[in-house]
Protein chains: 2
Amino acid sequence: MPRTGSRPGGRSARIRAAVHRAVKELLTDEADELLTIPVVAARAGVHATTVYRRWGSVGDLLADVATSRFSDGNVVPDTGSLRGDLERYASDLAKDLNDPDTLPLVRATIGTAGEQGASACTGERQQQLQAMLDRERARGNWAPTVERATEALLAPLYYRAVFTDQAPTAEWARTLVSHLLPD
Amino acid sequence: MPRTGSRPGGRSARIRAAVHRAVKELLTDEADELLTIPVVAARAGVHATTVYRRWGSVGDLLADVATSRFSDGNVVPDTGSLRGDLERYASDLAKDLNDPDTLPLVRATIGTAGEQGASACTGERQQQLQAMLDRERARGNWAPTVERATEALLAPLYYRAVFTDQAPTAEWARTLVSHLLPD
């Protein structure tokens, strides 16, 4: 088997892990320093040219870190009812947004990676909402549109986290579901 | 009258205007260049030390630009009904978020100025919502809480602008009001 740059567990994967870790550390350091490729490379212990070659710009690098951070491991709950599923999902998202790693990464990615970065931050959340709504319809019940569920759940959660000094709590997240679904 | 640095219309005000203009131009240039104080100073035609002395960091500078951009000139509508006021207000906010200057400034400010920057971007919007809700209560009518109005109106408008590739339209903004207020 040839040694290629992209072999899992190989040098390429180690570099990727070190660079991703460096970005996360620098973002939570609360250093006033601007996040630049030379700064990330120095922290990761790799050559800046390696980082430039692989990611091109800080925006592309942050979008990659955000994609791998926010597209993995969200479990879509299956509680037997749409209300239960959405309450679980919204309160899990509130907890995730309260993770000390999350907000600095979301803010920095929005700031430098534009639209691509912003959609990397929300990851697969819209598709996951869609899956819960489709399952409810498959049970023969009414469900709101995914646009409406996005406005009523995702929007207030991300808005509160990113734009305000209030933390989104799990309890508050569940009240959002009560406004979306009629009694 | 002594010539002081802060005399309106004086040198200090001219520097401030030039620096603010430089930030806005650089943000809409879609240059891949990072916004740094030396880059802003060069574009504004002032010494970098002047900018450092006055604003300290890119984050503080962006928060100042966002504050002056987003805290002025929002008229609180007075149509005679809460529904009319909120529909006008939400559709005006949608138009403002579609302004080509707005989104790059919001994203960059969130990215570099943290919580202070994020609240600079929403400016006085929560107080303005509060004023419309209070006026409706003073008429003897029911009105939602400002927290609920924020979740139902501000959150989806900012979320759609910042996190998605869909532009918030005036028509869509008015539908948000219909979900907040019962028929």
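Let me begin with a single residue, Glu115(B), which is partly exposed, with a relative accessible area of 41%, and I should say at once that everything I describe today comes from a predicted model. Glu115(B) lies in helix α6 of chain B, the helix that covers residues 102-122. If we leave aside its neighbours within four places in sequence, Glu115(B) is in contact with Arg107(A), Thr164(A) and Asp165(A). For a sense of distance within chain B, Glu115(B) and Glu136(B) are 21 residues apart in sequence, and their C-alpha atoms are 31 Å apart in space.

Now to chain A as a whole. Its secondary structure comes to nine helices and zero strands, and the pattern read along the sequence is therefore α-α-α-α-α-α-α-α-α, in the terms that define helices and strands here. The C-alpha trace of chain A spans about 60 × 45 × 25 Å along its principal axes. Of the 183 residues in chain A, 50% are buried, and among contacts between residues at least 6 apart in sequence, 67% join residues that are at least 24 apart.

How do the helices pack? Two packed helices are described by the angle between their axes and the distance between the axes. In chain A, helix α1 (residues 11-28) and helix α3 (residues 48-55) pack at an angle of about 95°, with their axes 12 Å apart, which makes α1(A) roughly perpendicular to α3(A). On the α1(A) side the contact is made by Ser12(A), Ile15(A), Arg16(A), Val19(A) and His20(A), and on the α3(A) side by Thr50(A), Val51(A), Arg54(A) and Trp55(A). Sorted by class, this contact has four nonpolar, three polar and two charged residues.

In chain B I would point to another pair, helix α1 (residues 11-28) and helix α4 (residues 58-70), whose axes come within 10 Å and cross at roughly 95°, so that α1(B) and α4(B) are roughly perpendicular to each other. Here Arg16(B), Val19(B), His20(B), Val23(B), Lys24(B) and Leu27(B) in α1(B) meet Leu61(B), Leu62(B), Asp64(B), Val65(B) and Ser68(B) in α4(B). By class, the contact of α1(B) with α4(B) has six nonpolar, two polar and three charged residues.

Let me turn to the aromatic rings. How many aromatic pairs are there over all chains? A search of the whole structure finds six. In one of them, the rings of Tyr158(A) and Phe163(B) have their centres 5.1 Å apart and their planes at 55°, so this pair is tilted. Tyr158(A) lies in helix α8 (residues 146-163) of chain A and Phe163(B) in helix α8 (residues 146-163) of chain B, so the pair joins two chains, and both residues are buried. Then there are Phe163(A) and Tyr158(B), with ring centres 5.1 Å apart and planes at 55°, so that pair too is tilted. Because Phe163(A) lies in helix α8 of chain A and Tyr158(B) in helix α8 of chain B, this pair also joins two chains, and Phe163(A) and Tyr158(B) are buried. Ring pairs further link Tyr158(A), Tyr159(B) and Phe163(B) into a cluster.

Finally, a word on charges over rings. Arg160(A) lies over the face of Trp172(A), at 3.8 Å from the ring centre, and in chain B the charged end of Arg160(B) sits over the ring of Trp172(B), 3.8 Å from its centre.

Terms used:
Residues numbered from 1 in each chain as written. Chains lettered and ligands numbered in written order. Predicted model: local features only at pLDDT ≥ 70, side-chain atom pairs only at ≥ 80, totals over all residues. Heavy atoms only, no water. Axes fitted to C-alpha atoms, helices over the stretch in contact; angles between N-to-C directions. Helix = DSSP H or I, 4+ residues; strand = E, 2+ residues; numbered from the N terminus. Parallel < 35°, antiparallel > 145°, perpendicular 65-115°, else oblique. Contact = heavy atoms within 4.5 Å. Nonpolar A, V, L, I, M, F, W, Y, C, P; charged D, E, K, R; others polar. Phe/Tyr/Trp six-rings, centres within 6.5 Å; stacked < 30°, edge-to-face > 60°. Buried < 20%, exposed > 50% of the residue type's maximum accessible area, 1.4 Å probe, protein only. Lys NZ or Arg CZ within 6 Å of the ring centre and 35° of its normal.
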